[in-house]
Structures are given as C-alpha cells and as structure tokens.
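Hi,

Here is the structure I promised to pass on. Have a look at it first, and my notes come straight after.

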Amino acid sequence: MSAELSMKQKAKANDNNKKGLFMKFLDVVEVVGNKLPHPVTIFLIFSALVVVASSLAANAGVSVEFMKIDNKTFESALTTVTAVSLLSPDGIRFMFESAVRNFTGFAPLGTVLVAMLGVGVAEGTGLIQALLRKLVISTPKRLITLVVVFAGVMSNVASDAGYVVLVPLGAIVFLSFGRHPLAGLAAAFAGVSGGFSANLLIGTIDPLLGGISTEAAKLLDPTYTVSATANWYFMIVSTFVIMLVGSWVTERIVEPRLGEYKGSEKADLHDINDDEKRGLRFAGIAMVLFIAGMAAMIAPATGILRDQTTGEILGHSPFMNSIVLVIALFFFLPGLAYGLGSKSIKNDKDVAHAMGKAMSTMGGYLVLAFVAAQFVAYFSYTNLGTILAVKGAAFLESTGMVGLPLILGFILVSAFINLFIGSASAKWAIMAPVFVPMFMALGFSPEFTQVAYRIGDSSTNIISPLMSYFAVIVAFAEKYDKKMGIGTIISTMLPYSLAFLLFWTVLMIVWYVAGWPIGPDAFIFMK
C-alpha cells in the first residue's frame, strides 16, 4: 500500500515538474483565490473596504478636475469630482435607502431573469438538448471551439444577451462533446466579453462611443465627426483574431489545465426519435414565423420597432431596447412548439412548471447579485472609480511619451482602469476629453485613439469583478463545480485576457505600420 502511494506521489511530482512557469502561476492564482471566502462574502468585504476607503479619501479632501462628456447629450463640461464618504450621514442614509433600488436596478438582474423564462421553456421541453445532439452529430469536433468563440463575439450585437444565453450554452455544448463544460463556458465568456470590441457588424456600443469621441474631438476641432463605423474594418479583422486566439487558449491552456470533467452533470447523447424529429419540425416552423414577424416590424423604413426619429434599427431603438424580451421569445416560442410536437408538453401547467424550474435554479445567483449590486453602487456613489480613472490618465500624460509607445501605454492604462469601472461608455466619457485632443495634437485621429481604448477596455473585462456580469458567470460555473471559487474563474480567464491584450496589440501595431484605414473614411493619422 505504501509503495503504491509512493508511486502516486512520484507521478504527481513528475506532472508538476512538467508544468511550465505560466501553468504553475495559474495554479497559484487558483489556490490563493479559492482560499478566499465565498463570492458573496468577498463582495461584502469589498463593500466594507469601499466604505472605509471612501471615508479616508473624503476626509483627506481627494478630488479631481477634468472635462467630462455627457453620455446622452454628448455635451462636454469642466467637472470637479470629490470623494464622497459612505460614513457621513448622507452616505449612511444612501446605504439604507438605496439597498433595494441597487438590487432591482442591477443591470444583469432583469436581463438574466427575463431571458431565463424563455430559455427555461426551451430547455424544459427538450428543444435545447435535441438541438445539441444534432450539433454533435453534424459539427466536426475540431471546429466546435471556433464556433463557440465566434458565436460569443457575434452575440455582442445583441447587447448583453450573450452573457445570459451563450455562456451557459457553451458549457452545455462542450459537455455534449465529452469535453470539460467549464472550458466551454470560458470559451464563450471570452468571446462575449473579451471580444466585446470585435464584430462583423456594427453594435449598440459603436454609436455611443462615436458620439463621445466626436464631442472630445470638438475640443480641438469643432467640425470633427466620428461615425459609428469608425472602427469597423479593424473590428472585422479583430473578430477572426479573437476567434483564433480564444480557440487556441481554450484548447492548449485552459482545457488541459482543467483536465477530465468528473462532475455529476451529464449530456444526453441518445439518437433523436420520431417524436423529437416532429418536435424539431414544429420548432423550425415557429422559428420562421417568429423571425418573419420580427422582420415585419423592423425591415420597413417605417417599422414600428425602429427609432421613430432617426429610423435606425440599432442604437436606442425600440428593437434594441426590447432585445431581452426578443431573446426570451426567440427561445420560448420554438420551445413551446417543440414541446407540442414532441408531446413533452401536455398542457399549460407543463409550460409554467418549466419556467418555474428555470427560476428555481437562480436562487444562488440572486443572493450573489444582491451583494454585488451594493458593491457596484457604493463604488459609483463614492466617485472612487472616477478618481482612479482621472489619476491614471494624468499619470500617462505626465510620462512625456510620444508615438507608438504612448499608444501602447494608453492601452495598458485603459486595461487597468477597466478593472475599476465596468461600463465602457462611462470610462470613455472620462478618458476621451483627455486623450482624444492630446492624441490629435500629436497627429493621431480620434478614430485610432478610440481603437486603442477599446483594445484595453475589452481585454480585461473577463477578469474584472466590477464587470456587471461577473457574478452571473460565477453562478453559471458553480453548476459544474460546487467547490469552485473566484480563484478558479480568474485563473481560467487570465490566459484569455493576457493573450487578447498581446495579440490585439500586435494587430494594432501591424495596422499602424501598414497605415491601413480602420473604418470607412477613418484613418490612423489626422488628414
């Protein structure tokens, strides 16, 4: 027995010796991270630290002055922001009075719960399982990682829906192929969030960032305009870079490190029977009818779900404002049709039960969302994130760097600040008035400055606890590993973050040297 134990210990030691330094570093990150308390407790500790830090900063009179652009009106104004204490009478009242509002107004909460109503029906009736079995049969195994990452990148056109739908679906897809579900979850999360600034299409964030960049550019040139398509060419190429890099990281680093999945979740891979085939036909018909109905409301120039002022489909149109409901119906109606066709639904009680079952799995997430919402709200109320962003910008400005080194420094500063302010537009509203005119004076176009910002901003999304959907990802991952902690998530996503930052920056350097346009009538240097 002792000899057998000794052999196992030697084998384990050999395995550890074979690991590279980076893998050992990830193991340390995971071990240290998982020794921390439960994520709920961690967010409570973070909240307490913000309370103390806000009091110290406010008592010290910490403040910053900067030009800020309003996200809605795009008007710029000189703004002074002072640290606000949560231990003052007003701060204490805020913590008590806003607790419920912070929770109900937490951005991911409504998105997750409404989308899960539709997904719950599609899953409860068996539609998702049947589709996945067909996917396993029809898709070559070597392409599935590429498909998952690519779908994640493309999903950001639909705003935040990818976090709710595609990330858990990535785990299920990998499990269906006999692969580790957390690797699939990580691949999808990397595409959805890490690839937030890559796409083949123009998304909801592009007009918003373009508007902020325009107003910042007007501080130096009142006639300058940055269009929503300003970064389109770069985004198209970035889509394939992120897809390839994300797939490589998944298969060469993340999946080997996770090893074989030994959890209790199983994938049902039996052949599709006649009832299921009929259900899929019904679901296909329902899908076509749903898409036709949506097209009738958005395709015509006067479509009722277009913006009634500008006629646009994207931006703040009724279609994009209701995208979560659209996603829910996208799953609900085919799921219902599949249930009727496959006879897995007998009556309305079965539908209600499927929706209720989906909601019952979200209990842990709701607890986590409550404390995460308080932490995010406290950080915003105290202005600590804004102060850090402005101080970071001032530091980079004071270095005296010019040319490409300045651009590279700007990317790193953007990536760092992203760890403290989750919203891409909120950060850009603070940073654009500083860096856009500064870079214009050095000959760089606002469009190129915006590209550099987006690289840094997207790359660290997946490792930032302040990113709104981080708590959602933790909740999804716990389904497959009850003992996992934040350390597991961070150590799993860190290789993606570093690889995206590196290869995206290399792509930008190549673009810079070649002098290619970064979008329609958008160039690296000022004309």
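Below is what I found, going from the aromatic rings to one helix and then to a single lysine.

Before anything else, keep in mind that this is a predicted model.

**Aromatic rings**

Counting ring pairs whose centres lie within 6.5 Å, I get 28 aromatic pairs. One of them is Phe94 with Tyr381: the ring centres are 4.0 Å apart and the planes sit at 10°. Planes under 30 degrees apart count as stacked, so this pair goes down as stacked. Where do the two partners sit? Phe94 is in helix H4 (residues 89–97), while Tyr381 belongs to helix H17 (residues 363–382). The pair therefore ties together parts that are 287 residues apart in sequence. As for exposure, Phe94 is buried at 16% relative accessible area, whereas Tyr381, at 24%, is partly exposed; the cut-off for buried is under 20%.

There is also an aromatic cluster to look at, made up of Phe410, Trp428, Phe435, Phe439, Phe444, Phe448, Tyr453, Tyr512 and Phe525. Elsewhere, a charge meets a ring: Arg179 lies over the face of Phe174, 4.1 Å from the ring centre.

**Helix H2**

Helix H2 (residues 21–34) has 14 residues, and at 1.5 Å a residue it should span 20 Å. The C-alpha atoms at its ends are 20 Å apart, so expectation and model agree.

Which residues of H2 are buried? They are Met23, Leu26, Val29 and Gly33. These cover an arc of only 115° around the axis, which means that they are on the same side of H2. Leu21 and Val32, on the other side of H2, are exposed. If you want to see what covers the buried residues, turn to helix H12 (232–258) and helix H23 (486–514), which are among the elements that do so.

**Lys427**

The last stop is Lys427, which is found in helix H20 (residues 424–441). Is this lysine buried or exposed? Lys427 is buried, with a relative accessible area of 0%. What does its side chain make a polar contact with? The partner is the side chain of Asp457, at 2.7 Å. Leaving aside residues up to four places away in sequence, Lys427 touches Ile417, Asn418, Ile421, Gly422, Tyr453 and Asp457. Tyr453 in that list is a name you have met already, as a member of the aromatic cluster.

Over to you!

Cheers

Conventions. Residues are numbered from 1 along each chain as its sequence is written. This is a predicted model: local features need pLDDT of at least 70, side-chain atom pairs count only at pLDDT 80 or more; totals for chains, interfaces and linings use all residues. Side-chain values use heavy atoms; hydrogens and water are left out. Rings of Phe, Tyr and Trp (its six-membered ring) pair if their centres lie within 6.5 Å; planes under 30 degrees apart count as stacked, over 60 as edge-to-face and the rest as tilted. Helices (H or I, at least four residues) and strands (E, at least two) are DSSP runs, numbered from the N terminus. Buried means under 20% relative accessible area, exposed over 50%, partly exposed in between (1.4 Å probe, protein chains only). A charge sits over a ring if NZ of Lys or CZ of Arg is within 6 Å of the ring centre and within 35 degrees of the ring normal. The expected span of a helix is 1.5 Å times one less than its number of residues. The arc is that of the directions from the helix axis to the C-beta atoms. Contact means heavy atoms within 4.5 Å. A polar contact is a pair of N or O atoms within 3.5 Å; within protein, one must be able to donate a hydrogen and the other to accept it, and residues adjacent in sequence count only if both atoms are side-chain atoms.
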